[in-house]
Amino acid sequence: MHSSPLRPDSILGKSFQCQCGSTHLVPIKAIIYSDDAYYQMTDILGREISGRTATMLSDQRTYDIAGSKIMEILKQCGWSVESIVVPDKATLPPRCDDVTLKNLMSRSGSPDVFLAVGTGVINDLTKWLSFEKNTPYVAVATAGTMNGYTSANVAPSINGVKQIVRAHTPIAVFAMPSVIEKAPFHLIASGLGDVVAKSVSGADWKMNHYLFEEYFCTFCAEIISNIEPLYFNHPERIARRDPQGIKAIFDALTYSGLAMTMIGTSAPASGGEHLFSHTLDMMSSVDGIPHDLHGRQVGLGTIFAAALYERLRAIESPRFFDLPDTIDKPFWGKLAGPVSEQYAAKQPHLMQMRDRLSDSAQWNRFRETVFSSAISPERIANCLYSAGAARFVNDIGCSVQRAKMAIVHMHEIRKRCTVVDLAWMVGILPDAVDEIMEQWLVRPQ
Ligand SMILES: [Zn+2]
Ligand SMILES: [Zn+2]
């Protein structure tokens, strides 16, 4: 007998027994996407927070579009609110790094609650700061651009190296549709790039479950399956900022963040496709050449990873190759140390993968179980293109040569196995890299 599927919005603030056998805890009490979201915030804060002092972080743009209004509403309800507008760095937006955190630690006092008004960096900084101060925070989303509103992770640079810090989730997330729909289009398109990734990351998660018994939860893996048709079938709605299309991206982002929170890792939302974006960011920290937004890079990584799955699916009896046992140290420069560690930690898994899949019965079972869930590169590319998102490497301000460098080095940065490692193992990479890029990522002349 099947019980009816859980709706993601019915699990907020609860601990529940999941079909995967685990008890999942969702610490976020509410996700409010509504025109009166900021008014609902005062009710929820009144219930959840005992004092009446708040420190609000924003940047100048998000202060203007949401922060000032929120301050006004909270003050009317008896709150005392201190506003910190995090300044831009020269012409660049604020950064989430140890230097900025230290500065905020000394400036931000001891409020009863922190408010993050903004997207990636502001949300990350507030999450990190409030965690360090052992104080709750709420997130006010100003664009559907990344899944960090509902996740516990922060991705700061510490001593110049990009890291993942496990902090805490907000107690609630608030968004006004009118603000989210009017966000700069590159932010909306970035959100779409980050959510289409699930079509590949889900298959990679299954791969790790199948080969290495990595913990897997169907509910978390499929948490956005009902939302996906809204943007895959009607990407043009995103291009014209149709409210339903924009809300679909917002929901997909917040729910995939919830899945990461429940599982405690990024497995539900991040696989081989994300390596492309992380590698471009890391290359940028080595040579100073700027990179684009996370989701815009991830969208292209997803097209590429889906193309790898398509090629793998077609292989009936693979030949396995040995992978190089060290990384390309000169390429990684100052990051060679941490990258080497990740790559070395992966070696036993790579050997195990090759041993298991060399057996042809195993290979066939693996193909059926894992490859069936990855969708075609064409569907992903069409979705991004029709939505007006980044579709070709030059859309993200990256040369074909630089994108190729990222692709042939991206398997080195993480110890977890992905479709990219498998593609190396059966000889698709590096041999077919030019061909795949030409076919999928380079804009036709
Ligand atoms: Zn579960
Ligand atoms: Zn992402």
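How far apart should the ends of helix 12 (residues 272-287) be, at 1.5 Å a residue? In this predicted model, the 16 residues of helix 12 should span 22 Å, and because its end C-alpha atoms are 23 Å apart, the expected and computed spans agree. Immediately after helix 12, Gly-288 adopts a positive phi of about 80 degrees.

Helix 12 contains a series of buried residues, namely Gly-272, Glu-273, His-274, Leu-275, Phe-276, Ser-277, His-278, Thr-279, Leu-280, Met-282 and Met-283. The elements that cover these buried residues include strand 10 (161-162) and helix 7 (198-212). Helix 13 (294-313), helix 18 (400-409) and helix 19 (419-425) are also among the covering elements.

Helix 13 in turn packs against helix 17 (residues 377-387). The axes of helix 13 and helix 17 come within 8 Å and cross at roughly 160 degrees. Because angles over 145 degrees count as roughly antiparallel, helix 13 is roughly antiparallel to helix 17. The crossing of helix 13 past helix 17 is left-handed. On the side of helix 13, the contact involves Gly-299, Thr-302, Ile-303, Ala-306, Ala-307 and Glu-310. These residues meet Pro-377, Ile-380, Ala-381 and Leu-384 of helix 17.

The model also holds an open sheet of 6 strands, paired in parallel and arranged in the order 3-12-7-6-4-5. Strand 3 (30-33) and strand 5 (80-85) form the edges, each pairing on one side only. From one strand to the next, the twist averages 15 degrees.

At one edge, strand 5 runs parallel to strand 4 (residues 53-58), and 6 bridges join the two. Within this pair, Thr-55 has Glu-82 of strand 5 as its bridge partner. Helix 2 (residues 60-76) packs on the sheet, where it touches strand 4, strand 5, strand 6 (113-117) and strand 7 (137-141). The direction of helix 2 makes about 175 degrees with that of strand 5.

At the other edge, strand 3 is joined to strand 12 by 4 bridges, and the two strands run parallel. Tyr-33 has Ala-175 of strand 12 as its bridge partner. Strand 12 also pairs with strand 7, in the parallel sense and over 3 bridges. In that pairing, Ala-175 is the bridge partner of Ala-141. Along strand 12 (residues 172-175), Ala-172 and Phe-174 point one way, while Val-173 and Ala-175 point the other way. Residues on both sides of strand 12 are buried.

Methods. Residues are numbered from 1 along each chain as its sequence is written. Chains are lettered from A and ligands numbered from 1 in the order in which they are written. This is a predicted model: local features need pLDDT of at least 70, side-chain atom pairs count only at pLDDT 80 or more; totals for chains, interfaces and linings use all residues. The expected span of a helix is 1.5 Å times one less than its number of residues. A residue is buried if 20 or more other C-beta atoms lie within 10 Å of its own, exposed if 12 or fewer, and partly exposed in between; C-beta atoms are placed from the backbone. Two residues are in contact if their C-beta atoms, placed from the backbone, lie within 7 Å. Two strands pair if DSSP finds at least two bridges between them. Axes are lines fitted to C-alpha atoms, for helices over the stretch in contact, and angles run from 0 to 180 degrees between N-to-C directions. Angles under 35 degrees count as roughly parallel, over 145 as roughly antiparallel, 65 to 115 as roughly perpendicular and the rest as oblique. A crossing is left-handed if the near helix is turned anticlockwise from the far one by less than a right angle, and right-handed if clockwise.
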